[in-house]
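The following exercises concern the chains of one model and one contact between two of them. Each task is followed by a solution in steps.

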Amino acid sequence: MSVTPVILPKLGLTMDEGRFVAWLKKEGDHVEAGEVLFEVETDKATMEVESPVAGFVRRLLATAGDEIPVTSVIALISTTADEPITEAPEPAAVLEPERVVAPASAPAVGPSGGTDERIVASPAARKRAAELRVDLAGIRPARGGRISVEDVEAVAAAGAAAAAPGGPAGSGAGPGAPGTGPAPEPLSRMRRVIAERMARSFRDVPQFSVSRDVDMTAAGTARTAAGVSYADVLIRAVARTLVDHPRLTMRYDPEGLIPGDGIHLGIAVALDDGLLVPVLRDADTKALAEISRERSTLQSGARAGKLAADALAGAVMTISNLGANGVDRFTAIVNPPEAAILAVGRVRDQVVARAGQVVVAPIVSLTLSVDHRVADGAEAAAFLADLAGRLEGSLS
Amino acid sequence: MPPSEAAAAPTAAATNELFYSEALREALRLEMLRDPRVFVMGEDIAEHGGAFQVTAGLLVEFGPDRIRQTPISEIGIVGAGVGAALTGLRPVVELMYIDFSGLAIDQIVNQAAQNRFMFGGQARVPLVVRTQGGSGRGNAAQHSKSLEAWFTHVAGLKVVMPATPADAKGLLAAAIRDDDPVMFIEHKLLYRTKGPVPAGEYVIPLGKADVKRAGRDLTIVTWSREVLFALEAAEMLARDGIEAEVIDLRSLVPLDRETILASVRRTRRLLVVHEAILRGGYGGEIAALVAEEAFDDLDAPPRRLAGVETPIPYAAHLERGVVPQVEDIVRVAREIVG
Amino acid sequence: MTIDRADALELYRVMRTIRRFEQRSTTLFGENKIWGTIHSYAGEEAIAAGVCAHLRDDDWITSTHRGHGHCIAKRADLGKMFAELLGRETGYCRGRGGSMHIADTSKGNLGANGIVGGGIPIATGAALTAKQLGSDQVAVSFFGDGAANQGTFHESLNLAAIWKLPVVYVCENNQYAESLPAGRAFAVDDIASRAIGYGMPGVHVDGRDVRLVHAAAGEAVALARAGGGPTLIVAEAYRHEGHYYGDPQQYRTKAEIESWRATFDPITNARAWLTSDGIASDAELDAIDRVVDEEMERAVAWAETGPLASPITPEEIYATQ
């Protein structure tokens, strides 16, 4: 007494499924091994399929017109006409082959040994460096061991602090021409870049801002204990909060939102002639002391014009702090391609209500500007609420 | 160091000044004396001594079973060679012109090259297919091609192309001793070139290129008859202070990548020269290798100088014009080095 | 003709094993366990069985894309055959060859061949080895009616004849070269007549009767072994299944297939004379059938436990590194 499942067999090399045509037996009929049991249509022809065993047809599980994948069970035949039918057996486990990786050539990067003084740069990078009058020496490639065009252009955009301002003036008359007004001051490379980026942000990014005043009492305690500044406490809090709000670390692309590859925070640094935004990478993994050290290094590096290209790229959000300049609060412009920027005012003693009592506490105004294509007001507000919670000590 | 490497420099033992065809014959003869399983099959190889006289005199020494002349039946000959190789013999099969290899190509490409792999290691095919190619004798389009690139493209085949008599002897001995099918491609205009050939047993390992001339300004990678042209060109360039390094690949498969790369890392410039037409030629493989693995050592893009993409024409001046000549190598080398 | 009882039963067993193997691999294919395709030898069993009965393990054969039958008749291990079809490391070719390249060099099987006529010169070369070494080994080249029109057939037969090589050429005329009926592929009625053109004996046998194949092959193999040179045997057969598994077979009618299957089945034919000559009873033959079926199931079960083919290493491509 046994039950044989009848499958729709694979009848040809390329056959994945067949269209069921007809049964040549009814339920209850007896069938011989080798007798034609059903017909199925493949892409080549209608084929007859024989019964694999002799027995009684107990179940017919396909009807004319059904598209059935090969090896599907479509009938059950048992040795007797009336024995009870049990569950069909589990299919055997599928063996997984070891992954075979097709060989690819493995280009070596860098010149062969013993020639450390040789600068490794692609031909395209060399050409661009010549065009932009950038010195290849000292450029640290962002990726791999070879300086690329992107590396050269990043350094060119940022290196204006050390380079002499230059570049052509706007159109129009030369200086001092009678009757034409004051001569335009030439823009430095950096100013040109800032102008272009901020205009682009203003033009292309629909941005809104949300504000919140935050009690920095707890933050003040933490910073004193660690011997760091409010800015460092703020950086760490922002980084940790971003872990829970990954949306704000993404950037907008017509094809979809592109996630960031780590919590890298841009720290805006004011210079005589403009602004640089060095990047503090993986800020969520660093302790306060380390954040503090790195922030100092980045700031002094920015002011001295000694930052490498990879120190200026890759931020997922920027923090801009005008507190030292006496500003209470301000709204910053989102720094493309990032989705958000946090504007920080000064920490000032203020009278506030706490549990119905009047107290004086250090308060800071935080304003978050956000790319509305990436996140909405609620998300921005939630971020600020969590950030406030962290700074005020209710979250760590 | 294996004995064959020590013997590589033909200065040690006695050497004889031999024709390339004689050097091949010597290799055949010594291998046949050494190993009774080695035998030769091909057209016109018996009393006639072979179309290029490579087997002259061997019939008398070894008899008609081991110098086995065949009817004009390329696929039968090569196929019988495959069968014999699979069952314990070591046949050396001669295809008179590489242009005829198409007649036997199934047995080379679908059988000999693949039996070892298809049978999961149950078999080996120690077959040597000796053939020749190249232009310069007015034999026109069906008897003058350089088709080595076809065979480099078949997994399971080895491809060897000697340029000098000494290399011809040493490489043929190695090919016969090798347990894999080897396409041993001679050049019709090399048979009557002469050179010093070590006497006695002489084996050059497959897969080792030979720096035929050292230089610091440009690496010229080449094989077969163009080696001779490259050496001549190098002499002319030297008078202008350009020192070209000439590397004779000798084996195309297996390829001696290290010798090529080490040279380019020093000279920073590559020129590949081959008689076969440019498109799809083995020079592309060398140039890609260098671009991928020595990119940062290059001061100039890798370049190839090769046959014009046309069937080989008949008229002498046309025939000469479609294949790189000495003056072409000199001109291109100057362009590269500047 | 007389045939030894033991030999007769062995011929029956071999044919039955081949038939059952083809049925079993067809089922495995239907279960989507066999990659690629397979070519059934059902209907032609008498030829492989009748010829290989005369061959030693050190005699060689080359086969065709329809090679399971020859492989089995040359005493192959069924488990290793199934394992090969299932792409396992434990298969004859470690999963690298598949149905069309199955080989068993330990038993002289120089391989099935995916190229029509590809094995003919190879068997000729194997025979050349025997001649060169002075041994009495012989080679047999199995090929179909389609291959008899390939250049390799003509070049090989000529070489074998001029050199008097110990090779037997066995042409299995199953009436169709893929979809082309033999009548439209040959201008002669009897393919064996081509032997005269090359200077060797040509023998035509009815491939339905294993006794006839056995007798003709016996003579040809003995002649070759004795140094008498090659023979061409053309055995008529009928291919029960399509050219390949899943072939819609639009080139022959169902009526034709059914009629031939009924009248041209070497196994039912063998049963008939075995029982009528009193060599064995139906019960004894049924017992052989059961043993074959059990052996087959054990082989499939063993094959299915094998690991998948391992990754390819360079030593597999070149023997000399």
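The exercises treat chain B, chain A, chain C, a helix and an interface in turn.

**Conventions**

The model is predicted: local features need pLDDT of at least 70, side-chain atom pairs count only at pLDDT 80 or more, and totals for chains, interfaces and linings use all residues. Residues are numbered from 1 along each chain as its sequence is written, chains are lettered from A and ligands numbered from 1 in the order in which they are written, and side-chain values use heavy atoms, with hydrogens and water left out.

**Exercise 1.** Determine the secondary structure content and the compactness of chain B.

*Solution.*
Step 1. Count the DSSP runs, numbered from the N terminus, taking helices as H or I of at least four residues and strands as E of at least two. Chain B contains 13 helices and 14 strands.
Step 2. Compare the radius of gyration, taken over C-alpha atoms, with the globule rule, 2.2 Å times the number of residues to the power 0.38. Chain B has 19 Å, close to the 20 Å that the rule gives for 338 residues, so chain B is as compact as a globular protein of that length.
Step 3. Add the extent: the C-alpha trace of chain B spans about 60 × 45 × 45 Å along its principal axes.

**Exercise 2.** State the burial and the contact pattern of chain B, then those of chain A.

*Solution.*
Step 1. Apply the burial cut-off (under 20% relative accessible area, 1.4 Å probe, protein chains only). Of the 338 residues in chain B, 62% are buried; of the 396 in chain A, 37% are.
Step 2. Take contacts (heavy atoms within 4.5 Å) between residues at least 6 apart in sequence. In chain B, 83% of these join residues at least 24 apart; in chain A the share is 60%.
Step 3. For chain A, record also seven helices and 17 strands.

**Exercise 3.** Describe the overall form of chain C and the burial of its residues.

*Solution.*
Step 1. Chain C has 11 helices and seven strands.
Step 2. The radius of gyration of chain C is 19 Å, which agrees with a compact globule, because 321 residues would give a value near 20 Å.
Step 3. The C-alpha trace of chain C spans about 60 × 50 × 40 Å along its principal axes.
Step 4. Among the 321 residues of chain C, 58% count as buried.

**Exercise 4.** Which residues of α4(C) are buried, and what covers them?

*Solution.*
Step 1. Helix α4 of chain C comprises residues 78–85 and is mostly covered, with seven of its eight residues buried.
Step 2. The buried residues are L78(C), G79(C), M81(C), F82(C), A83(C), E84(C) and L85(C).
Step 3. Their cover includes α1 (5–30), α3 (68–73) and α11 (282–304) of chain C.

**Exercise 5.** Characterise the contact between chain A and chain C.

*Solution.*
Step 1. Count the participants: 18 residues come from chain A and 18 residues from chain C.
Step 2. Compute the buried area, that is, the accessible area (1.4 Å probe) that two parts lose on being put together, summed over both. Chain A and chain C bury about 1,300 Å² between them, with 63% of it on carbon and sulfur atoms.
Step 3. Identify the leading contributors on chain A. K10(A), K44(A) and L95(A) supply 37% of the area that chain A buries against chain C, more than any other three residues.

Conventions:
Buried < 20%, exposed > 50% of the residue type's maximum accessible area, 1.4 Å probe, protein only.
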